[in-house]
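Me: Please examine one part of this model closely, namely the empty space in and around the protein. I should like a connected account of what lines that space, followed by the contacts and backbone features that complete the picture.

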Amino acid sequence: MNMPKVATYDPAKVGTIYEPDMQRAYEQGLADFKAPASADSPRVLAWLIDVQIDFVFPAPIGRLSVPGAVDDTRRTIEWIYRNTHHITQIAASLDTHTPFQIFYPSWWKNSRGERPAPFTAISADDVRKGVWMPITEPAWSIRYLEELENVGKKQLMIWPFHCMEGSTGRALVPALSEAIMYHSGARMAQPTYLTKGTIAHTEFYSVVEPEVKYPKHPDGGLNTRFLEMVAQFDLIYVAGQARSHCVLETMNSVMRHFAAQPEVIRKLRFLDDCTSSIPGFEKSTEAAFQRFAQQGVKMVTSNDKIG
């Protein structure tokens with residue numbers, strides 16, 4: 001199906017900040033379609049992972065910009081418009097952070113009181129040797145690093161402040177927000193927005209679980225409620241940023257949770273041209289997605305028919 005002419009959509013504006021015209025987008029969707037999503041068969045979910053300004057827009061606006069993400073997002077938006085009549089529901093995650101978290105410089109210092117620079121890797125051995133010291137909760141901090149290395153097979157990465165609560169960078173790309181509102185009007189469907197990453201004590205790459213479980217927080221474990229909602233759909237389309245980090249870890253969570261339910265995994269459709277990796281992680285990321293494909297995930301593009 002050709003993309004409808006949407007008055008609020010300008011492909012040249014996908015990589016720019018502006019106030020999305022939510023009312024106009026909703027009203028045009030309402031005018032263009034009359035088929036409520038409640039009658040859909042098959043039921044199709046569009047699952048969008050962290051399509052936020054800080055990840056999509058080039059620096060300096062995007063604080064953790066993923067190369068290629070603007071074009072990925074443009075293709076995602078146009079896929080939504082072309083397939084509005086097929087998409088039953090849209091779910092979008094929002095990475096959300098506060099100033100004091102274990103992956104920020106604010107949590108750590110060295111013997112001179114200096115904070116680690118962004119993109120510093122901190123190992124459990126670094127802490128044992130006194131290279132870096134947590135300024136609070138030393139017992140949890142060393143336990144976290146050890147579990148991250150032993151179970152997750154990775155070291156803690158210190159990130160620049162990004163997707164901060166109250167910041168422009170946390171927001172969804174404006175043109176995408178308009179597409180979601182258009183879909184909502186067209187299909188009489190409520191979008192789902194899932195906030196993740198607010199727990200200070202752990203990283204939260206996956207949409208549905210932290211890197212290390214934190215049982216003291218109600219959201220510190222696996223979000224089985226959301227996963228079971230996802231499983232109720234007949235087709236599940238996944239896209240977002242970054243392919244090598246939050247998208248990959250979300251897919252790892254999904255594959256682990258549904259390992260004994262191959263019928264759910266076979267519902268997954270990965271929009272291959274709507275997501276990009278952080279440079280340097282491409283090889284390991286593509287190896288992982290090849291394994292997912294072997295397990296039943298179907299790799300598709302935004303130009304493929306729904307199905």
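Reply: A pocket is here an open set of grid points, on a 1 Å grid, with protein on both sides within 12 Å along at least five of seven lines. A cavity, by contrast, is a set of points where a 1.4 Å probe fits but cannot get out. The model examined in these terms is a predicted one.

The largest pocket has a volume of about 370 Å³. Its lining consists of 18 residues, and those nearest the centre are K154, S244, H245, E249 and F281. Two elements, helix 8 and helix 10 (282–294), each give two or more residues to this lining. Of the contributors, helix 8 gives the most, with 5 residues. By character, the lining of the largest pocket divides into 7 nonpolar, 6 polar and 5 charged residues.

The second largest pocket holds about 270 Å³ of space. It is lined by 13 residues, with V151, G152, P210, E211 and R256 nearest its centre. Helix 8 appears again here, as the source of the largest share of this lining, 4 residues. The lining of the second largest pocket comprises 3 nonpolar, 4 polar and 6 charged residues.

Enclosed space is a separate matter. Rolling a probe the size of a water molecule over the atoms shows where empty space is left. A search of the whole structure finds 1 cavity of 30 Å³ or more, and the volume of the largest cavity is about 210 Å³. Among the 17 residues that line the largest cavity, F55, L64, H162, Y205 and C246 are the closest to its centre. This lining is made up of 10 nonpolar, 4 polar and 3 charged residues.

The backbone around these elements also deserves attention. Most residues other than glycine have a negative phi, and most peptide bonds are trans. Immediately before helix 8 there is an exception: the peptide bond from Q241 to A242 is cis, with omega near -20 degrees. A242 lies in the loop that runs between strand 8 (235–240) and helix 8 (243–257). A second cis peptide bond joins A59 to P60, with omega near 10 degrees, and P60 belongs to the loop between helix 2 (53–56) and helix 3 (69–82).

Positive phi values occur as well. F119, although not a glycine, has a phi of about 75 degrees, and it is found in the loop between strand 3 (108–109) and strand 4 (121–122). F119 counts as exposed because its relative accessibility, 51%, is over the 50% limit. M188 likewise has a positive phi, of about 55 degrees, without being a glycine. This residue sits in the loop between helix 6 (174–187) and strand 7 (192–196), and at 55% relative accessibility M188 is exposed. M188 also joins Y26 and L30 in a nonpolar patch on the surface, with about 270 Å² of accessible area together. Y26 lies in helix 1 (residues 22–32) and is partly exposed, at 31% relative accessible area.

Turning to charged contacts, the whole structure contains 16 salt bridges by the search applied. One of them pairs the side chains of D40 and R187, with an N to O distance of 2.5 Å. This pair links distant parts of the chain, 147 residues apart: D40 is in the loop between helix 1 and strand 1 (44–49), and R187 is in helix 6. Are these partners buried or exposed? D40 is buried because its relative accessible area, 15%, is under the 20% limit, and R187, with 1%, is buried too.

A local pairing is found in helix 3. There D71 forms a salt bridge with R74, the closest N and O atoms being 2.5 Å apart. Both residues lie in helix 3, 3 residues apart, about one turn of the helix. D71 is partly exposed at 38% relative accessibility, and R74 is also partly exposed, at 22%. A further salt bridge joins the side chains of R112 and E114 (3.0 Å, N to O). In that pair, R112 counts as exposed at 62% relative accessibility, whereas E114 is partly exposed at 39%. Finally, salt bridges connect D125, R128, K129 and E146 into a network.

Definitions and conventions. Residues numbered from 1 in each chain as written. Predicted model: local features only at pLDDT ≥ 70, side-chain atom pairs only at ≥ 80, totals over all residues. Heavy atoms only, no water. 1 Å grid on protein atoms, 1.4 Å probe; cavity = no way out; pocket = protein on both sides within 12 Å on 5 of 7 lines; lining within 4 Å. Points joined across faces, edges and corners; volume = space filled by probe spheres on them. Nonpolar A, V, L, I, M, F, W, Y, C, P; charged D, E, K, R; others polar. Buried < 20%, exposed > 50% of the residue type's maximum accessible area, 1.4 Å probe, protein only. Patch = residues over 30% accessible without salt bridge, like charges linked within 9 Å, V, L, I, M, F, W, Y side chains within 5 Å. Areas by Shrake-Rupley, 256 points an atom, 1.4 Å probe, with all protein chains shown as cover. Salt bridge = Lys/Arg side-chain N within 4 Å of Asp/Glu carboxyl O.
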